[in-house]
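Me: I should like to learn how to read the features of a structural model in a systematic way. Could we begin with confidence and then proceed to geometry?

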Amino acid sequence: MRTGLSQHTSLRQELRVNPRLYQAMDMLYMPMMDLQQHLKQELLANPFLELLEPEDETTEQPAAEEQKEQKEKEEEVDWEEILLNGFEVGGTREQYEQLEYTEPVTVETRNLIDHLREQLQMLTLTPRQLLLAEEFLGNINEEGYLAASLDEILGSVNQLMAGHVERDGDGGEDGEGGEDGEGNLENFGPGTPLSGSTNSASAPAVTAPTSPLSPSSPSSPPFYTMNEAEDMLAVIQRLDPSGTGARDLRECLLIQLVELGDTSSLTYRLVNEAFPDLIAHRWNDLAKRFGVEPAAVQAAADQLSRLDPKPGLKYSEQSDGYIIPDLIVEKIGGRYQVFLNDTGMPRLRLSRSYQEIARDKKKMTPENREFIASKMNSANWMIQAIEQRRQTMLKVMNFIVDRQRDFFEKGIEYLKPLTLREVAEVINMHESTVSRVTNEKYVQTPRGVLPLKFFFSSALSTASGEDASARSIRAKLEKMVGEENSAKPLTDQQIVHLFQEQGIQIARRTVAKYRDQLGILPARMRKRV
């Protein structure tokens with residue numbers, strides 16, 4: 001084997017993506033607010049970029065005399081213009097108006113757990129009971145249901161107690177036990193009163209059971225028992241909002257009915273004794289079982305609509321989401337026009353002062369020339385990428401408007417099927433580019449603010465040879481069910497026949513799938529007597 005340096009040639013194919021191309025794709029993917037933040041960061045990082053103000057858009061400044069004449073003309077009152085267009089008290093609107101988006105400030109809010117904890121603090125509970133209550137609160141989900149079984153809660157809190165015993169034992173051996181009694185498990189024994197309590201005497205008290213908790217060994221930790229867990233669960237379920245701490249929907253409804261004092265009604269008996277038949281809408285079977293008419297069973301079931309199946313959501317921390325549309329579609333003169341909602345978008349241009357500096361290359365060092373060249377190229381590319389993004393979005397939306405004109409005129413039932421590939425072929429772009437344009441983008445239309453993905457849906461064949469949009473089929477299905485006779489609701493097969501009469505070929509399983517997506521019950525469960 002020969003060692004040493006050598007040269008050789010080879011031929012191979014590689015696919016490399018320019019980093020700027022990656023950034024261009026990211027800019028195309030960005031919604032309006034993300035793009036604004038990105039451009040602001042670029043303004044800070046690149047000195048060759050500057051903000052284009054409205055007064056700077058004119059390249060040539062008029063001479064002094066022309067300025068004086070123009071000022072005199074502006075001071076003259078154009079009464080014809082005022083009579084035709086009215087008089088604006090606040091002056092004319094600027095061509096570029098920067099709409100600053102203020103990020104909502106996160107503030108501390110009271111959630112469901114905070115609300116429950118405040119109520120527990122008003123009760124006369126021992127430290128031992130408060131520790132168990134905190135374990136319950138930690139297992140209540142956002143909807144207000146208890147997400148763990150009593151055995152799991154007992155196992156978790158008893159493991160915590162055992163850990164305290166081990167630490168107390170180690171501290172006792174080292175002679176470092178707290179003199180003030182902090183961390184002493186004697187405070188967590190059964191029936192230990194809450195020292196220094198200032199609660200009112202009228203507050204309901206919960207006492208710990210007096211049954212033995214553990215073996216009589218003095219060193220054994222005071223483990224919690226199932227009786228204590230059940231007693232604490234009863235306390236949690238009496239708190240506001242009613243229904244909190246329930247382990248399932250049936251228990252949640254029962255708690256609310258008990259809170260309303262409605263324990264002797266047929267509604268309570270239906271939930272308590274025949275809940276599976278109730279949710280299956282077996283009205284005739286329930287009527288025979290309770291000896292009443294089917295209409296009375298339905299009336300009793302309708303009373304459940306006043307109850308809250310998810311009581312914890314009223315204290316949910318989820319805030320309202322605000323949408324800023326990227327595009328605007330307006331009907332002007334009988335035609336739909338597409339505009340880019342870039343009123344608050346910073347308009348960039350190359351800095352004139354830095355361009356003058358870049359021209360004087362004799363005074364620059366090689367490092368400075370390299371820095372200036374890279375920043376100038378980056379600034380030029382950024383301006384071109386913004387314009388390319390603008391033109392691409394307008395191309396895609398203009399094609400959508402032309403294709404879906406019937407939707408804008410008549411409604412969702414006239415929405416036509418459309419795919420990303422169809423748009424890409426018409427505007428001569430790749431399908432992935434169209435996907436980036438439509439992703440997380442919204443358009444303001446006369447039909448409301450809609451995501452761009454709304455206009456894309458699969459197709460179903462019709463007798464006329466034209467395809468129908470799956471979204472329009474779902475809208476027609478929902479309309480059919482809404483206009484049906486409740487005493488004789490339409491079955492899936494009957495809905496198939498109705499679609500066939502309209503020339504739409506659809507399978508029964510497809511009707512069932514669309515019905516489930518719309519949250520519509522089967523015909524058997526929609527029937528009213």
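**Confidence, packing and backbone**

Reply: Let us begin with confidence, since this is a predicted model. Of the elements of the chain, helix α4 (residues 79-85) has the lowest mean pLDDT, 47, and helix α9 (residues 249-259) has the highest, 93. Over the chain the average pLDDT is 77, and 74% of the residues score at least 70.

Me: Over which residues is the pLDDT below 50, and how many contacts does each stretch have beyond near neighbours in sequence?

Reply: One such stretch covers residues 82-99, with 22 contacts of that kind in the model. Another covers residues 191-219, with 46 contacts.

Me: How is the packing of two helices described?

Reply: Two packed helices are described by the angle between their axes and the distance between those axes. Here, helix α15 (residues 366-403) packs with helix α17 (residues 420-427) at an angle of about 115°, and the axes are 10 Å apart. Because of that angle, α15 is roughly perpendicular to α17. The crossing of α15 with α17 is right-handed.

Me: Which residues meet where α15 packs with α17?

Reply: From α15 come K395, V396, F399 and R403, and they meet E422, V423, V426 and I427 of α17. The residues of this contact comprise five nonpolar and three charged, with no polar ones.

Me: Is N158 buried or exposed, and which residues does N158 contact beyond four places in sequence?

Reply: N158 is located in helix α7 (residues 150-173). Its relative accessibility is 14%, so N158 counts as buried; the cut-off for buried is under 20%. Beyond its neighbours within four places in sequence, N158 contacts F223 and Y224.

Me: What is the usual backbone geometry in respect of phi and the peptide bond?

Reply: Most residues other than glycine have a negative phi, and most peptide bonds are trans. In this model, D240 and P241 are joined by a cis peptide bond, with omega about 0°. P241 is situated in the loop between α8 (226-237) and α9.

Me: What is the phi of N428, and what is the phi of E440?

Reply: N428 is not a glycine, yet its phi is positive, about 60°. N428 belongs to the loop between α17 and α18 (431-438), and is exposed, with a relative accessible area of 70%. E440, also not a glycine, has a positive phi of about 55°. E440 lies in the loop between α18 and β5 (442-445) and is partly exposed, with a relative accessible area of 46%.

Methods:
Residues are numbered from 1 along each chain as its sequence is written. This is a predicted model: local features need pLDDT of at least 70, side-chain atom pairs count only at pLDDT 80 or more; totals for chains, interfaces and linings use all residues. Side-chain values use heavy atoms; hydrogens and water are left out. Helices (H or I, at least four residues) and strands (E, at least two) are DSSP runs, numbered from the N terminus. Buried means under 20% relative accessible area, exposed over 50%, partly exposed in between (1.4 Å probe, protein chains only). Contact means heavy atoms within 4.5 Å. Axes are lines fitted to C-alpha atoms, for helices over the stretch in contact, and angles run from 0 to 180 degrees between N-to-C directions. Angles under 35 degrees count as roughly parallel, over 145 as roughly antiparallel, 65 to 115 as roughly perpendicular and the rest as oblique. A crossing is left-handed if the near helix is turned anticlockwise from the far one by less than a right angle, and right-handed if clockwise. Ala, Val, Leu, Ile, Met, Phe, Trp, Tyr, Cys and Pro count as nonpolar, Asp, Glu, Lys and Arg as charged, and the others, Gly among them, as polar. pLDDT is the predictor's confidence in each residue, from 0 to 100.
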